[in-house]
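Trainee: I am new to this structure. Please take me through one part of it closely, the lining of the largest pocket, and then show me what surrounds that part.

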Amino acid sequence: MFPRSAAPKGHSAYSHGPYPPPAVPRQYFNHQRSAAVNSFRLPGPDRLPAYEWKPTPAAVFPPHTPAMINGRKRRNDEYSPHVVKRQRFDSFSHPRISSPSIQIPPPLCLPDQDIAGSSRSSFTGYDRSYHSPHSHLHPQVSAIPEDSNSLQVYANDKLSGQMVELFEACQQQSSDLVRKEMCRAQLQQDIQRLYAVARLYLTGSSMSGLGCRSSDADLCLVLKGNKRHDPIHVLSSLQRLFKTLSYVERTQLIRAKVPILRFREKGSDLEFDLNINNTVGIRNTFLLRSYAYADLRIRPIILVVKKWARHNQINDASKGTLSSYTLVLMVLHYLQTRNEPVLPSLQRDYPECFNPLLDIDAVPERPKYIPPYISRNQSSLGELLLGFLKYYATDFRWDKQVISVREAEALPKNNSKEWRNKFICVEEPFERNNVARAVHEKVKFDAIKAQFVESWRILQKRKDLNSILPLKCKRQH
């Protein structure tokens, strides 16, 4: 495939993603404060290998959705982890608006060959275009130009500047995503020799925009139909197939709770984990992607928090601490619950886009029509990091509260089996189970809490990222 440090011919590692440009121009707020905040670059016209699967066309959405400025809705008074609210598909939510609305053009009907499972744009900034390689292309449209210093709006102090520097050094580049997507596309073609209707989705941090250059790639193979597919049987068949492929090596079948086939791209250190029909991973990937590109501060703070947690050995679910997914939800929850929220609840305000019963084919398409969220909260990256540590060190009630990104609040812990006698309770946004259940030993829980307290104390005093995340650890990416 491609060297890790270089983009394939015809692709820029920094300025263009692998996907075609939007088919129609979009209009955005014209406000001086956030002209850089909501800037983005459009992907170039380069094309990836064609997809073979042809889904039915997706439904057409209503033509207009209002913008949201710290939009709030009435929240549920009662909480049950077992009840999925009935979702409405006849209209979009209309939260309170205190600024001119965004004009979103009517979405186009997706052509018969649009691929819901494709990995869409990889450009930096506001991200709402997931056009299929088969879409009928229009000429490159004009858009707000990307300001290379746009993050500097939130980096006017030493700590914030260090966070930006770390993010820019370690974030996944367009070339990294291109390599993963090229491999995914070739794998799907080869897998369809065994399973003709199979679709292969790129999921996890690689697709959500929250990965590092060193991030492995997660894949979900979706097999539909009336026949129930045994994951072990399917993965065993794929393992035999993969041993015949010239670009795959080191295949390993891992019989975990969610069985996976682990393998590497030949001649590189790019590792893949492939699962069968774990479709909630597709849903939460595109939910997190929508959050990741809602505000320029989201991706940098999440990357720093994950590296901080890894350095302090509290980021390994297999060892009884926090998974990266749990950490991401904890960051999003903190940003949602400020007096002036940095983020809303996208599930609450746009239920049509994130309905847990939505057909999996439509999952990657729905979020692209959500308008930007313009927050009044203008805290710097450093202020948000300090606030995040303080929130879990002193404010959050671990014994009485459930973290819910779905509702954008801390819910009261009830006596249900899901939350009873659990040290940390973090709700999975779709399945509503506890994604922090790996923390089942008090000694590990105490270590996690102690790390939040100690890091907050040190960082508050020194305002220097090196004091909690040494340089040599930061640069390991």
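Mentor: Six elements each supply at least two residues of the lining of the largest pocket in this predicted model. Two are strands: β4 (260-265) and β5 (271-276). The others are the helices α3 (204-208), α5 (280-292), α6 (298-311) and α7 (324-336). The largest share comes from α5, with five residues.

Now take the lining as a whole. It holds 42 residues. By class, 17 of them are polar, 13 are nonpolar and twelve are charged. The pocket they line has a volume of about 1900 Å³. Nearest its centre lie Asp 218, Ala 317, Ser 323, Ser 324 and Tyr 325.

Pick out Ala 317 from that group. Look for it in the loop between α6 and α7. Is Ala 317 buried or exposed? Neither label fits: Ala 317 counts as partly exposed, because its relative accessibility is 36%, and that class runs between the 20% limit for buried and the 50% limit for exposed. Next, its partners. Set aside the neighbours within four places in sequence, and Ala 317 is in contact with Leu 322, Ser 323 and Ala 438. Ser 323 is also one of the residues nearest the pocket centre. Arg 437 sits 120 residues from Ala 317 along the chain, yet the C-alpha atoms of the two are separated by 8.8 Å.

Go back to α6, one of the helices that supply the lining. It also meets α1, the helix of residues 158-170. The two axes come within 9 Å and cross at roughly 85°. The pair therefore counts as roughly perpendicular. On the α1 side, the contact is made by Met 163, Leu 166, Phe 167 and Cys 170. On the α6 side, it is made by Arg 299, Pro 300, Ile 301, Leu 303, Val 304 and Lys 307. What classes do the residues of this contact fall into? Eight are nonpolar, two are charged and none is polar. Set that beside the pocket lining, with its 17 polar residues.

Finally, step back to the whole chain. It has 477 residues, and buried residues make up 60% of them. Its elements are eleven helices and seven strands. Consider the contacts with a separation of 6 or more. Residues 24 or more positions apart account for 75% of these. The contact of Ala 317 with Ala 438 links the pocket's loop residue to a distant stretch of sequence.

Methods. Residues numbered from 1 in each chain as written. Predicted model: local features only at pLDDT ≥ 70, side-chain atom pairs only at ≥ 80, totals over all residues. Heavy atoms only, no water. 1 Å grid on protein atoms, 1.4 Å probe; cavity = no way out; pocket = protein on both sides within 12 Å on 5 of 7 lines; lining within 4 Å. Points joined across faces, edges and corners; volume = space filled by probe spheres on them. Helix = DSSP H or I, 4+ residues; strand = E, 2+ residues; numbered from the N terminus. Nonpolar A, V, L, I, M, F, W, Y, C, P; charged D, E, K, R; others polar. Axes fitted to C-alpha atoms, helices over the stretch in contact; angles between N-to-C directions. Parallel < 35°, antiparallel > 145°, perpendicular 65-115°, else oblique. Contact = heavy atoms within 4.5 Å. Buried < 20%, exposed > 50% of the residue type's maximum accessible area, 1.4 Å probe, protein only.
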